[in-house]
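Please work through the following exercises with the sequence and the model at hand. Each task is followed by a solution that proceeds step by step.

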Amino acid sequence: MKILMLSWEYPPRIVGGIARVVHDLSHTFTKQGHEVHVITYKEGNTKEFERDGDVYVHRVTNYPINANNLVDWVMQLNFCMIEKAADVIKEFGKFDIIHAHDWLVAYAARALKNTYKYPLVATIHATESGRNKGIHDKTQGYVNDVEWMLTYEASNVICNSMFMKNEIKNLFGKPVENIHVVPNGINVNKFDNQERDWEFRRNYASDNEKIVFFAGRIVYEKGIQILLEAAPKILQNYNDVKFVIAGRGPCMDDLKAQAERLGISNRVYFTGYLNDVQITKMYKAIDVATFPSLYEPFGIVALEGMLAGAATVVSDAGGLNEIVSHGIDGMKSYAGNANSLADSILEVLFNQDLCKQIAKNAHEKVVKEFNWDTIAKNTMKVYKDTIKSAKASTVKVKFEDKEKNTNSISENTVVNSLSEKDTTITTSSTDSEISGILPNPLRKLKKVTE
């Protein structure tokens with residue numbers, strides 16, 4: 001199968017979780033014998049075209065004009081993606097399906113679908129309403145409308161949790177039979193042969209100290225402020241703890257100020273962005289991974305913590321609630337509740353037997369349920385169902401057009417026949433007279449009033 005992926009991020013450009021999903025899914029498809037082309041945004045000194053393994057990556061640069069805001073920038077991106085896709089199709093030939101990732105590529109997806117008549121599948125990774133706890137201004141309303149349009153244009157929508165399936169159904173009215181839950185995954189070999197690097201770890205904590213770790217975008221919905229709020233209680237009960245927060249985002253200054261107010265700034269490290277090598281070392285250096293999100297469609301970072309062997313503590317928000325079974329392969333806390341989060345973290349800090357057991361169970365769970373081979377297989381099933389439905393719809397339209405033309409010909413035949421013979425059918429005409437005038441398909445007509 002030839003697959004055209006549209007995504008505004010693809011490694012090395014990583015804004016959120018979409019880049020990892022598109023990268024790992026595309027590479028798994030190519031290993032299974034499919035041809036995958038990704039159209040994405042060109043950032044920095046990345047190449048306009050390259051073969052990333054067996055994945056064809058086509059990057060676009062926006063027009064050399066300043067966008068007024070993100071919405072205008074995204075619109076420019078979509079124009080450029082359409083132009084690039086036209087060149088790709090001309091060079092590489094017809095595709096079997098388009099897979100669009102989130103609202104940021106919705107216009108390009110719609111234009112290409114309608115121009116080339118390709119079936120369209122869309123993945124909704126998160127919603128504007130969910131991120132902001134509702135729609136509060138015109139910009140959010142605009143994004144929400146574009147999300148609706150993408151779900152409307154796509155024959156089938158993929159989401160990563162039952163939580164997201166319900167959200168898409170309720171927000172956009174998409175029929176549940178056209179919303180498919182396919183969880184995100186992780187490279188299950190990511191931490192193979194990786195040992196704890198003690199020298200690296202000592203940059204953040206002494207050997208006797210425990211590291212409680214968060215990784216992700218530094219934004220409100222990730223709940224980092226809840227972790228900082230929980231920190232004083234944790235430190236009061238278990239003194240030898242350092243909190244390491246990795247990532248970048250607009251809330252960084254606010255969080256640093258919060259740590260200062262709470263008097264814990266000497267126990268909290270904000271690392272900024274960590275590359276793949278650094279993040280791998282960090283996961284093997286930590287003791288507890290925590291993700292106290294207020295809104296979380298899925299939570300790939302939780303899978304990383306579980307796979308790395310750390311005791312993983314999450315909130316019960318969204319997809320995180322579906323990934324972790326409390327006390328079995330992780331710990332949960334009530335979303336937005338700092339006291340609950342502190343209790344769950346303290347439980348694994350004090351109870352080392354529990355900590356080891358849930359870490360072992362978590363690793364087994366991730367390897368079994370969240371590997372990319374299984375995820376790619378389930379995604380491919382959605383593709384095939386979409387293509388099958390598209391072909392059935394095409395046949396139906398052709399049949400209806402043919403039937404319509406046949407009926408039109410029959411009606412015209414009646415009119416022409418009557419005109420040529422200049423024959424008047426009245427209520428006094430006999431059945432035999434009518435039968436002699438009307439064409440065969442319409443001989444059931446017995447009398448026509450004058």
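The exercises below move from the whole chain to its sheets and then to its helices.

**Exercise 1. The chain as a whole**

Task: State how many helices and strands the protein chain has, and what share of its residues counts as buried.

Solution. The model is a predicted one. Step one is the count of elements: the protein chain holds 16 helices and 14 strands. Step two is burial: 51% of the 450 residues count as buried. Step three concerns contacts between residues at least 6 apart in sequence, of which 66% join residues at least 24 apart.

**Exercise 2. The sheet of eight strands**

Task: Determine the strand order of the eight-stranded sheet, its edge strands and the helices that lie on it.

Solution. Begin with the order, which is S3-S4-S2-S1-S5-S6-S7-S8 in an open sheet with mixed pairing. The edges are strand S3 (49-52) and strand S8 (179-181), each of which pairs on one side only. From one strand to the next, the twist averages 25°.

Next, examine one pair within this sheet. Strand S2 (residues 35-41) and strand S4 (residues 55-60) run parallel and are joined by five bridges. Here His 37 has Tyr 56 of S4 as its bridge partner.

Finally, add the helices. Helix H1 (residues 18-31) packs on the sheet and touches strand S1 (2-6), S2, S3, S4 and strand S5 (97-101), with its direction at about 160° to that of S2. Helix H2 (residues 70-92) lies across S1, S2 and S4 and runs at about 150° to S2.

**Exercise 3. The sheet of six strands**

Task: Give the order of the six-stranded sheet, and explain why one side of S11 and of S14 has no neighbour in the sheet.

Solution. The order is S11-S10-S9-S12-S13-S14, in an open sheet with parallel pairing. Strand S11 (268-272) and strand S14 (331-333) are at the edges and have a single partner strand each, so one side of each lacks a neighbour in the sheet. The average twist from one strand to the next is 25°.

Now consider S9. Parallel to S10, strand S9 is joined to it by six bridges, and Val 212 stands opposite Phe 243 in S10. Six of the six residues of S9 are buried, so the strand is largely enclosed by the rest of the structure. Its two faces can be read separately: Lys 210, Val 212 and Phe 214 are buried on one side, and Ile 211, Phe 213 and Ala 215 on the other.

Strand S12 (residues 288-291) and strand S13 (residues 311-315) form another parallel pair, with four bridges. In this pair, Thr 290 faces Val 313 of S13. Helix H11 (residues 300-308) lies across strand S9 (210-215), S12 and S13, at about 160° to S13.

**Exercise 4. Helices**

Task: Describe how helix H10 is capped and covered, and how H3 packs on H5.

Solution. At the N-terminal end of H10, Asn 275 is the cap, with a side-chain oxygen 3.1 Å from the backbone nitrogen of Val 277. The buried residues of helix H10 (residues 276-285) are Ile 279, Thr 280, Met 282, Tyr 283 and Ala 285. Their cover includes helix H7 (198-201), S9, strand S10 (241-246), S12 and H11.

For the second part, helix H3 (residues 106-116) and helix H5 (residues 138-153) pack at about 30°, with axes 9 Å apart. The two helices H3 and H5 are therefore roughly parallel to each other. Their crossing is left-handed. Residues in the contact include Tyr 107 and Arg 110 of H3 and Tyr 142 and Met 149 of H5.

How values were computed:
Residues numbered from 1 in each chain as written. Predicted model: local features only at pLDDT ≥ 70, side-chain atom pairs only at ≥ 80, totals over all residues. Heavy atoms only, no water. Pairing = 2+ DSSP bridges. Axes fitted to C-alpha atoms, helices over the stretch in contact; angles between N-to-C directions. Contact = heavy atoms within 4.5 Å. Buried < 20%, exposed > 50% of the residue type's maximum accessible area, 1.4 Å probe, protein only. Polar contact = N/O pair within 3.5 Å; in protein donor to acceptor, adjacent residues only side chain to side chain. Parallel < 35°, antiparallel > 145°, perpendicular 65-115°, else oblique. Left-handed = near helix turned anticlockwise from the far one by under 90°.
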